[in-house]
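This report walks a newcomer through the fold, going from single residues to sheets, cores and ring pairs. Please keep the sequence and the structure in view while reading.

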Amino acid sequence: MKTIIFSRFGLPALACAIGLATFSAQAADKWNMTAENPDGNSITEVAKEFAKNVAEATDNELQIRVHGNSMLFKRPEVKRAVQTGQVQLGDVLMSVLGNEDPIFEIDSVPFLARSYPQARKLWEASRPLIEARLEKQGVKLLYAMPWSPQSIYTQKPVTSMADFDGMKFRAYNPATSRMVELMGAVPTVINVAEVPQAFSTGMINAMLTSPTTGVDTQVWDFAEHYYDVQAFIPKNMVIINARAFNRLSKGVQKAVLDAAAKAEERGWQAAEAETGELTKTLADNGMQVHAEAPADVETALADIGHTMTTEWLEKAGADGQKILSDYKD
């Protein structure tokens, strides 16, 4: 018989209502996965296909229900929820963990990796250290999938860096907050689901994010300009409670890992394939899509990237230097 985990760790009422199971059952387990993005978002769709593949490979011995749009947990809560067993699996933006360890924000250092081949190579260089840190906390990494490149959306046109002075800019992790500060703007942390309201109420009037999020939020309703600066390519990672995973049979463990490998491959392919389509969608809906920012802005952003790489290395130490050395080899 499965028991219910009650709100010892502040579990949202919705999560309690659906009855998150403990890990004691040995067969026909029904697990829950918290996902940040809505249905239709490619990251959530890959997660759903992952869950489907697990169910098929295990003849429904393990069933995973994906709850999108942060219905169970908000972004800052996800890793803790997985770590403590409030939910078995979670999908989380890797760089949001940068406050606990700078290694997690390697993919959000601006202008370090601006293409998908570069981002893939950076992931291969950093993955072993990411996995090791998670394992120490009782969390196992299953797979990671990239976003489309992060670029700039504004309500007003930008002609020089001076236009950013005092601009209220959406940020979503420590790295983007620091980048916005160096641009002369004012960072405000806003979750994806809150972006339209934040623009409409004047909390923000610009943001640094992907074409994916731009389309998901129908950004053309509240912003006019998109500058395709491709500052960096962040990733979401899917993590699982290590105790829950270890209690699975060897056959089910293999099915989960095989499905995760397929999800990662599909995720990288999907992200790259859809980037151009998403940018076209922005233009088709009336946004002014600029292939690049003005020259002096590009130069200033490159300088910001150099500054932030230096700052990141100072925080990350020898492990950070190892990642960069392996990446550049």
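## Two residues with positive phi

Asn 60 is partly exposed, its relative accessible area being 41%, and its place is in the loop between helix 2 and strand 2. The model is a predicted one, and in it the phi of Asn 60 is near 65°, a positive value in a residue other than glycine. Gln 230 likewise has a positive phi without being glycine, with a value near 50°. Gln 230 is found in the loop between strand 9 and strand 10, and its relative accessible area of 27% makes it partly exposed. A further loop residue, Asp 163, is described later and is included in the table for its accessible area.

| Residue | Relative accessible area | Class |
|---|---|---|
| Asn 60 | 41% | partly exposed |
| Gln 230 | 27% | partly exposed |
| Asp 163 | 29% | partly exposed |

## The sheet of five strands

One open sheet is built from five strands in the order 2-1-3-10-4, and its pairing is mixed. Strand 2 (62-67) and strand 4 (139-146) stand at the edges with a single partner strand each, so one side of each of them is left without a neighbour in the sheet. On average, and with direction ignored, neighbouring strands of this sheet are turned by 20° against each other. Within the sheet, strand 1 (residues 29-34) pairs with strand 2 in the parallel sense over six bridges, and Lys 30 stands opposite Gln 63 in strand 2.

Helix 2 packs on this sheet, where it touches strand 1, strand 2, strand 3 (89-93), strand 4 and strand 10 (235-241), and the direction of helix 2 makes about 165° with that of strand 2. Helix 9 (residues 250-284) lies across strand 2, strand 4 and strand 10, and runs at about 25° to strand 4.

## The sheet of six strands

Another open sheet has six strands, in the order 7-6-8-5-9-11, again with mixed pairing. Its edge strands are strand 7 (186-189) and strand 11 (288-290), each of which pairs on one side only. Neighbouring strands here are turned by 25° against each other on average, direction ignored. Strand 5 and strand 9 pair in the antiparallel sense over three bridges, and Tyr 153 stands opposite Tyr 226 in strand 9. Helix 9 packs on this sheet, touching strand 5, strand 9 and strand 11, and the direction of helix 9 makes about 140° with that of strand 11; as described above, helix 9 also lies across strand 2, strand 4 and strand 10.

Asp 163 is found in the loop between strand 5 (151-154) and strand 6 (168-171). Not counting residues up to four places away in sequence, Asp 163 touches Pro 157 and Val 158. The C-alpha atoms of Asp 163 and Met 183 are separated by 9.6 Å, and these residues are 20 residues apart along the chain.

## The nonpolar cores

Which residues have the most contacts inside the largest nonpolar core? They are Phe 50, Phe 169 and Met 179, in a core of 53 residues. Helix 2 (residues 42-57) gives the most to this core, contributing six residues. A second, separate core has 37 residues, among them Leu 97, Val 139, Met 237 and Trp 312. To return to Met 179, its contacts, not counting residues up to four places away in sequence, are Pro 110, Phe 111, Leu 208, Ala 231, Phe 232, Leu 301, Ile 304 and Met 308.

## Rings and a charge

The count of aromatic pairs comes to four. In one of them, the rings of Phe 199 and Phe 222 have their centres 4.6 Å apart and their planes at 25°, so this pair is stacked, the angle falling under the 30 degrees that stacking calls for. Phe 199 lies in helix 6 (residues 195-200), while Phe 222 lies in the loop between helix 7 (211-216) and strand 9 (225-227), so the pair ties together parts that are 23 residues apart in sequence. Both Phe 199 and Phe 222 are buried.

Elsewhere, Lys 140 lies over the face of Phe 245, at 5.2 Å from the ring centre.

Technical notes
Residues numbered from 1 in each chain as written. Predicted model: local features only at pLDDT ≥ 70, side-chain atom pairs only at ≥ 80, totals over all residues. Heavy atoms only, no water. Core = buried A, V, L, I, M, F, W, Y, C linked by side-chain atoms within 4.5 Å. Buried < 20%, exposed > 50% of the residue type's maximum accessible area, 1.4 Å probe, protein only. Helix = DSSP H or I, 4+ residues; strand = E, 2+ residues; numbered from the N terminus. Contact = heavy atoms within 4.5 Å. Pairing = 2+ DSSP bridges. Axes fitted to C-alpha atoms, helices over the stretch in contact; angles between N-to-C directions. Phe/Tyr/Trp six-rings, centres within 6.5 Å; stacked < 30°, edge-to-face > 60°. Lys NZ or Arg CZ within 6 Å of the ring centre and 35° of its normal.
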